[in-house]
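Work through the exercises below with the sequence and the 3D structure at hand. Each task is followed by a worked solution.

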Amino acid sequence: MSPAAVIITVLAYFAVMLAVAAISSRNTGNEGFFNGGRKAPWWIVAIAMIGAPMSGVTYVSVPGMVGLGGTAMGYMQMVLGFFVGYLVIAFVLTPVLFRMNMVSIYQYLDERFGMASHKTGAWFFFISKILGAAVRLFLVCVTLQLMVFDPLDLPFLLNVAISVGIVLLYTFRGGVKSVIWTDTLKTVCMVASIVLAIVFIAKDLGLGFSGICQTIKDSEYSRIFFFDDINHKEYFWKQFLAGVFTVVAMTGLDQDLMQRTLASRNAKDSQKNLITSGLLQVPVIFLFLCLGVLMYVFAQAKGIPQTGDTLFPAVATGGWLPPVAGVFFVIGLVSCAYSAGGSALTALTTSFTVDILGTKGRTEGQVTSVRKKVHLAMAVLMGVAILVFHFLNTNSAIDAVYKLASYTYGPILGMFAFGLLTHRQVRDRWVPLVAVLSPVLCFIIQSNSERWFGGYTFSYEILLINALFAFLGLFLLSIGTKPGLRQPLDE
């Protein structure tokens with residue numbers, strides 16, 4: 001696929017995306033930017049939430065990782081845990097957040113423990129999201145560099161500046177209202193591109209539907225469930241529990257993703273969109289993995305040398321499939337990448353404005369001025385973070401995202417769990433220390449686990465240990481139940 005064809009495809013998609021953003025952002029003030037005015041239909045939010053957690057990392061890295069370790073279909077064990085995590089969010093966390101009428105979910109920590117806890121949760125989210133968003137956009141920038149910027153002899157810095165500028169442009173006015181509608185567009189484009197890629201690869205290999213199923217079944221990559229060795233990183237209960245708590249932490253305790261569901265009209269609508277999107281994500285991710293198996297079979301037959309994150313771009317745009325496959329690959333990639341980047345930028349702006357700088361005592365005009373300045377600053381910071389990741393490249397970006405999340409979301413998960421499951425108050429000023437020590441202890445344990453625990457290797461379940469350390473730390477800081485404390489779960 002030529003650079004000119006890629007540029008035309010990207011510009012055409014951007015024109016559609018910006019039109020959707022412009023229409024959805026009309027008459028949008030601060031309330032519309034932060035929570036969409038809480039008027040979004042639940043089914044639109046549900047469609048948006050299917051694709052919302054799936055960035056360019058998911059789009060490129062999940063199919064590509066199938067052949068890296070030979071056990072990547074075992075990722076479905078984690079995906080099954082994802083659905084259970086969505087149920088926890090829907091029936092435990094969402095009613096509390098709607099009852100307390102919050103703009104930012106980290107305001108709960110202020111109500112429950114105090115300002116230091118509130119700021120700690122917001123700062124850990126800030127670190128988590130800026131790093132996660134940078135990894136996601138970095139992967140897309142790398143792909144576009146190979147397809148467009150390198151052939152035109154243009155620098156990576158320009159690539160990053162254009163990418164971040166586009167994200168800034170479509171979210172600057174509309175905020176979460178624009179994010180929801182562009183996420184809906186993204187979900188449709190992403191699923192269509194995956195299905196078309198499977199169809200074209202299968203056609204080239206001479207496979208019908210039954211042939212596709214048999215090829216996947218016979219592949220060395222097809223094993224899903226691992227129950228035989230607890231020390232194996234793909235052991236079922238490790239992956240399943242990690243999936244549950246990863247979704248609770250990375251969706252339920254993430255301002256980015258919860259900002260969408262809080263745009264629903266009420267808690268009941270929010271629960272419907274969470275359950276629907278959580279259920280539908282299971283077959284969608286399974287499609288990604290099936291595509292990955294077929295791509296490795298196809299690559300072996302055609303002598304394509306690329307693996308990992310570079311395989312899907314090579315197969316889709318290298319002339320091996322009809323041109324329409326390359327067009328839809330680019331559309332799927334940019335829709336995933338820039339939608340995820342836009343939602344992250346919106347969430348970072350919301351959390352930094354509301355949680356860290358604060359809006360209390362400011363007029364509507366003052367909040368708007370602060371929000372716009374923060375939005376620009378977050379875009380610049382995201383660009384800088386992408387450039388940093390350019391020098392810290394990784395073979396599988398999806399693995400990097402989950403590893404980062406295991407360390408940065410653990411303290412947030414522990415804080416919310418302590419607040420929701422106990423009635424105890426804590427010495428608020430010491431909470432930041434607990435939040436810092438928890439991931440440090442986890443890093444020490446993970447680095448020495450094989451030697452200390454008879455060969456046991458931690459995977460993403462280190463998130464649970466991280467949250468447990470934070471929970472225990474808060475318990476040690478607790479000072480009994482505060483008289484008159486109203487625990488949200490008891491209401």
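**Exercise 1.** At which residue does helix 20 bend, and by about how many degrees?

Solution. This is a predicted model, in which local features need pLDDT of at least 70 and side-chain atom pairs count only at pLDDT 80 or more, while totals for chains, interfaces and linings use all residues. Residues are numbered from 1 along each chain as its sequence is written, and side-chain values use heavy atoms, with hydrogens and water left out.

Step 1. Helices are DSSP runs of H or I with at least four residues, numbered from the N terminus. Helix 20 covers residues 431-452.

Step 2. The bend at a residue is the angle between axes fitted to the seven residues ending there and the seven starting there. For helix 20 the bend is about 40°, at glutamine 446.

Step 3. Just after helix 20, glycine 454 has a positive phi of about 65°.

**Exercise 2.** Sort residues of helix 20 into buried and partly exposed.

Solution. Step 1. Buried means under 20% relative accessible area, exposed over 50%, and partly exposed in between (1.4 Å probe, protein chains only).

Step 2. Among the buried residues of helix 20 are Val431, Val434, Ala435, Cys442 and Asn448.

Step 3. Valine 436, also in helix 20, has a relative accessible area of 45% and is therefore partly exposed.

**Exercise 3.** Describe the lining of the second largest cavity.

Solution. Step 1. On a 1 Å grid over the protein atoms alone, a cavity is a set of points where a 1.4 Å probe fits but cannot get out; lining residues have an atom within 4 Å of a point. A volume is the space filled by probe spheres set on the points, which are joined across faces, edges and corners.

Step 2. The whole structure has 2 cavities of 30 Å³ or more, and the second largest holds about 50 Å³.

Step 3. Its lining includes Tyr59, Ser193, Phe312 and Phe329. Helix 10 (176-204), helix 15 (311-317) and helix 16 (323-357) each give two or more residues to this lining.

**Exercise 4.** Which side chain meets lysine 302 in a salt bridge?

Solution. Step 1. A salt bridge is a side-chain nitrogen of Lys or Arg within 4 Å of a carboxyl oxygen of Asp or Glu. The structure holds 3 of them.

Step 2. Lysine 302 pairs with aspartate 204 at 3.0 Å, N to O. Because lysine 302 lies in helix 14 (residues 267-302) and aspartate 204 in helix 10, the pair ties together parts 98 residues apart in sequence.

Step 3. Lysine 302 is partly exposed at 33%, and aspartate 204 is partly exposed at 36%.

Notes:
On a 1 Å grid over the protein atoms alone, a cavity is a set of points where a 1.4 Å probe fits but cannot get out, and a pocket is an open set with protein on both sides within 12 Å along at least five of seven lines; lining residues have an atom within 4 Å of a point.
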